[in-house]
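Subject: A structure for you to look at

Hello,

I am passing along the structure we talked about. Please have a look at it first, and then read my notes underneath.

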Amino acid sequence: MNRVPRMVLFGAAAAMLLASCAAVDDAARSDGARLSKLPPVVSPADNPTTPDKVALGAKLWIDPRLSGSGKTACTACHVRDKGWTDGLVLSQRDNGDANTRHTPTMYNVGYSTLFYWDGRAPTLEAQVLAAWRVQISADPAKAVATIAAVPGYASEFQKVFGGPPSPDTVVKALAAYLRAKVSGPSPWDRYEMGDKTAVSADAQAGFQVFMGKGRCAVCHTPPVYSDFNFHNIGLEAGKAKPDPGRGAISKKPEEDRSFKTPTLRSVAISGPYFHDGSRRTLEDAVRYMAGGGGNDPGKSAMLVDAKLTDAEIRQVVAFLTALTSTEPYRAPTLP
Ligand code: HEC
Ligand code: HEC
């Protein structure tokens, strides 16, 4: 039973790689077949995404009144200009506790099926509730009372959910907002749509290396440039207290020290890199991956030393930089 889906997966990955090589030669093919075209995000039946709900979530996202201290909004650690990360190796929670893992991006989180680096949250709603309690140290009931006393919020919740704010509807609005965080058109998307001047020759060469010799797309699969799967790439090797990652959640020893593959869209602005924030620049991170990762006996067999030259590394960096989202962001006004 185990073997069949696995083979199907590998078959699909191989077909994808072949198809993508053809796509490079014909990057301006019809939009429907465009390799990097992002599909619509699917919302759960009990929390459909609507424009009004997303607009409400956008306010809650930047509102420090949701937090225990009244000072920390979600966006304190997930900043637009830093690719919805914080630029820090490790951040500090609202209550002063240190996080043990690096802040991930919010771009394309709606495509993910399990949340956090180790996938311990089964739904985005569960994840948001946990972040509300832990990252911004809120007592949801208390925070909701604060929000409910703001007239602008009361009427907006009424309009969107047909009632006053509750912990459930605050979570739903935030989750809907995050599902709408699909990365906007990047130079690479414009190139694929036919604008041959949108990216440099290095970026075009970098895409070839990424899909081919570098074997990156096996895990960073277009269009999101992630498989949303968990892999051990060797970062915990040699640490005094290795982070068990996915293994602690799934209880499968073969998943020890595995972490979720991040989307590479907007990766150029979201350093430092990896779940431990251990690599400062994108080039450092690409070199680490292209070199086959760390020296861990449990490391994924899909990650090998691709023997890229310095020029090829720079080309891959140029390609990844061309994946930077250029959508405008204007923070809403709080009620
Ligand atoms: C103090 C910094 C900080 C704040 C504030 C913060 N986060 Fe995060 N966020 C993190 C860190 C660190 C992680 C990764 C933790 C892990 O994987 O163990 C994370 C992970 C996430 C993820 C999972 C992403 C994925 O790919 O699985 C989501 C979604 C998220 N946060 C949403 C929120 C929301 C909503 C709020 C406000 C209620 C919030 N965050 C506030 C630091 C923060
Ligand atoms: C075996 C699957 C796999 C392959 C192959 C792979 N990656 Fe990754 N990549 C991952 C995972 C998993 C992470 C996150 C690991 C962690 O933090 O523990 C990651 C992280 C990254 C990051 C850091 C992203 C961030 O936001 O922190 C970059 C950059 C990256 N990979 C580039 C590449 C490049 C370039 C290649 C090809 C040379 C490649 N990867 C090949 C699975 C893979």
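Below is what I found, going from the overall fold to the two ligands and the helices around them.

Please keep in mind that this is a predicted model.

**The chain as a whole**

The protein chain holds eleven helices and two strands. Reading from the N terminus, the order is α-α-α-α-α-α-α-α-β-α-β-α-α. Along the principal axes, its C-alpha atoms fit a box of roughly 60 × 50 × 40 Å. The radius of gyration is 21 Å, which agrees with the value near 20 Å that a compact globule of 335 residues would have. Of those 335 residues, 41% are buried. If you look at contacts between residues at least 6 apart in sequence, 70% of them join residues at least 24 apart.

**Around ligand 1**

Which residues come closest to ligand 1? They are C74, C77, Y116, W117 and Q135, out of 24 that surround this ligand. By class, the shell has 14 nonpolar, eight polar and two charged residues. Helices α3 (124–134) and α6 (167–179) each bring at least two residues to this shell, and α3 gives the most, with four.

Helix α3 is worth a look in its own right. Its buried residues are L124, E125, Q127, V128, L129, A131 and W132. Among the elements covering them are α4 (140–148) and α6. Helix α6 therefore turns up twice: it supplies residues to the shell around ligand 1, and it helps to cover the buried residues of α3.

**Around ligand 2**

Ligand 2 has 28 residues around it, and C216, C219, F259, F274 and M289 come nearest. This shell consists of 20 nonpolar, seven polar and one charged residues. The most is given by helix α10 (residues 282–290), with five residues.

Where do the buried residues of α10 sit around its axis? The residues in question are L282, A285, V286, M289 and A290. They lie on the same side of the helix, because they cover an arc of only 125° around the axis. These buried residues pack against α11 (310–321). M289 is one to pick out on screen, as a buried residue of α10 that is also among those nearest to ligand 2. Just after α10 ends, G292 takes a positive phi of about 95°.

I hope this helps you find your way around.

Best wishes

Methods: Residues are numbered from 1 along each chain as its sequence is written. Chains are lettered from A and ligands numbered from 1 in the order in which they are written. This is a predicted model: local features need pLDDT of at least 70, side-chain atom pairs count only at pLDDT 80 or more; totals for chains, interfaces and linings use all residues. A residue is near a molecule or strand if its C-beta atom, placed from the backbone, lies within 6 Å of it. Ala, Val, Leu, Ile, Met, Phe, Trp, Tyr, Cys and Pro count as nonpolar, Asp, Glu, Lys and Arg as charged, and the others, Gly among them, as polar. A residue is buried if 20 or more other C-beta atoms lie within 10 Å of its own, exposed if 12 or fewer, and partly exposed in between; C-beta atoms are placed from the backbone. The arc is that of the directions from the helix axis to the C-beta atoms. Two residues are in contact if their C-beta atoms, placed from the backbone, lie within 7 Å. The radius of gyration is taken over C-alpha atoms; the globule rule is 2.2 Å times the number of residues to the power 0.38.
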